[in-house]
Every structure is written in C-alpha cells, then in structure tokens.
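Good morning, colleagues. Please take a moment to look at the sequence and the model before I begin.

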Amino acid sequence: MNPATREKLMGVSVATLCSALFKRGLRNQTVQDVRPVQPKGRNMVGPAFTLRYMPAREDRNAMNVFRNPKHPQRLAIETCPEGSVMVMDSRKDPRAASAGDILITRLMMRGGAGVVTDGGFRDAMTIGGLDIPAYHHRPSSPTNLTLHEAIDINVPIGCGDVAVFPGDIMVGDDDSVIVIPAEIADEIADEAVEMTAYEDFVTERVKQGHTIIGLYPATDESNLTLFAEWRKVNGR
C-alpha cells in the first residue's frame, strides 16, 4: 500500500474512519464483536491477507492434518506478505481457536502488521503480550480442528459481518477494526487526517468551556477562522 497512506492511517481513529466512510454510503465496515486481545496504544494498518474457515467434519480434521506442509492454516501464516494484516473468517464462532501463540509469533517474526479473527485465539494471554496487534472475540482454548477447517487462502471472506476482499485496508485501534475498500483508501486517509485535526481543535475548545453549538459541526464561520489560526500554531 501507499506508505504515505499507511502513515496517515496510523494517526486516526476507527471512529473517524467510520464517519468518513458513512459519508460515502458505506455503513457496514466495522468488524463486529471483535476487540484487541490487549490494547497496544498504536494503530494496526495494512492490506488484508485472508484465511477462510468452514465447519469441520471429523473425517477430515484429525490432528495429523498439521503434518501436511500445505495445510491452509499453516501455509497462510508462512505466505502472508510482510506489512499485511492476516484476517480470518471463523464464522463468528469462538468455541474453537482460530490460531494460537506459536503461529501468531511466527506471523509477527515474518513482519505481519496484525491479525484479526471473528473467532477466538488460544494462548490469548501470551498473544496479548506480543508486539503484533491482535484482535478477536474472546479467548478460546480448543484447537481449531474441533470446529473449523481452514479451506481457502486470500479469497473474499466475511469477518464480523463485514465483507473483506484481499488487499482491502485494515485499520485497528484500541477500540475496534475497520475495513476500507482499497480503491478509496488514499482519499479516506486524507479526509480522516483533516477530520482529526478539526476534532482535536474542537476537543481543546470544549475543555476550555466553549459550547458545541456552531463548533461541532462548524456552522459558525468564526470557528473556522479560529481553527485556521490553531493549525498554524500547532503545525497541523
């Protein structure tokens, strides 16, 4: 992805991105019921690399399937491009794990920008301590083979009720995760930077005791004049 776009998206909130996408008629881009395993205090940003699970069938998912070097779960970890976010469609079912700490550690060491599942992670406490941003529904100790079969790599998926296409831009903060269609990521990033600057100005004014009427939104032109002055002083 565009390095400048990545840098811009590192400094904006998922909430602000939701508003920018809403203006374009995109109302269902936030991955539902998914949260940080452990907050990192920084954003996760990167293009999506996907893994799709389907319901497991007992005759296909014995423990020895992991001996196959081309097992889709293992192969996805080993082929996810550096700087990408691995996104897993676990059918919103956290009763069996999408992955555990060893696989996520390997993803981190290969340069993955983050990992998202609408299921759960086993060894979640350990994953939370890793440097890689990770998002899930809740901890889940049973192996994925209990309920899930990894079946497809880097295909369109659903994750937390959101369509995710390979290459879509994933952004996560300490609240949640959003999916930005790749073709509009640059313009969304530009708009979100502008929105964030104005929101920071508004927050400062509100803390000083000013009313939000005419300020948020800026229906009083005098506030735009003040904002322009504020930007000069703050280098924004």
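A cavity, in the sense used here, is a set of grid points where a 1.4 Å probe fits but cannot get out, and its lining residues are those with an atom within 4 Å of a point. Please keep in mind throughout that this is a predicted model.

I shall start with the enclosed space. The count comes to one cavity of 30 Å³ or more, and about 30 Å³ of space lies in the largest cavity. Which residues line the largest cavity? They are Pro36, Gln38, Pro39, Lys40, Arg42, Pro133, Ala134, Tyr135, Asp173 and Asp174. By class, this lining divides into five nonpolar, one polar and four charged residues.

Let me turn to the open space. The largest pocket has a volume of about 180 Å³. Its lining is made up of 15 residues, and those closest to the centre of the pocket are Arg74, Ala99, Gly100, Leu103 and Arg122. Three elements each contribute two or more residues to this lining: α3 (72-79), β4 (97-99) and α4 (101-109). The classes represented in the pocket lining are six nonpolar, five polar and four charged residues.

I now come to two helices, beginning with α6. Its 23 residues should span 33 Å at 1.5 Å a residue, and the end C-alpha atoms lie 32 Å apart, which agrees. Many names appear among the buried residues of α6, including Ile188, Met195, Tyr198, Phe201 and Val202. Glu191 and Arg205 are also buried there. What do the buried residues of α6 pack against? Their partners are α1 (3-9), α2 (14-22), β11 (169-172), β12 (177-180) and α7. Just after the helix, Gly209 takes a positive phi of about 100 degrees.

The second helix, α7, covers residues 221-234. Its 14 residues reach 20 Å from the first C-alpha to the last, close to the 20 Å expected. Asn223, Phe227 and Trp230 are buried in α7. Viewed down the helix axis, the buried residues of α7 fall within an arc of 60 degrees, so they line one face of the helix. On the other side of α7, Glu221 and Lys232 are exposed. The cover over the buried residues of α7 includes α6, and the buried residues of α6 in turn pack against α7 among other elements. After α7 comes Gly235, with a positive phi near 65 degrees.

Thank you for your attention.

How values were computed
Residues numbered from 1 in each chain as written. Predicted model: local features only at pLDDT ≥ 70, side-chain atom pairs only at ≥ 80, totals over all residues. Heavy atoms only, no water. 1 Å grid on protein atoms, 1.4 Å probe; cavity = no way out; pocket = protein on both sides within 12 Å on 5 of 7 lines; lining within 4 Å. Points joined across faces, edges and corners; volume = space filled by probe spheres on them. Nonpolar A, V, L, I, M, F, W, Y, C, P; charged D, E, K, R; others polar. Helix = DSSP H or I, 4+ residues; strand = E, 2+ residues; numbered from the N terminus. Expected span 1.5 Å × (residues − 1). Buried < 20%, exposed > 50% of the residue type's maximum accessible area, 1.4 Å probe, protein only. Arc of directions from axis to C-beta. Contact = heavy atoms within 4.5 Å.
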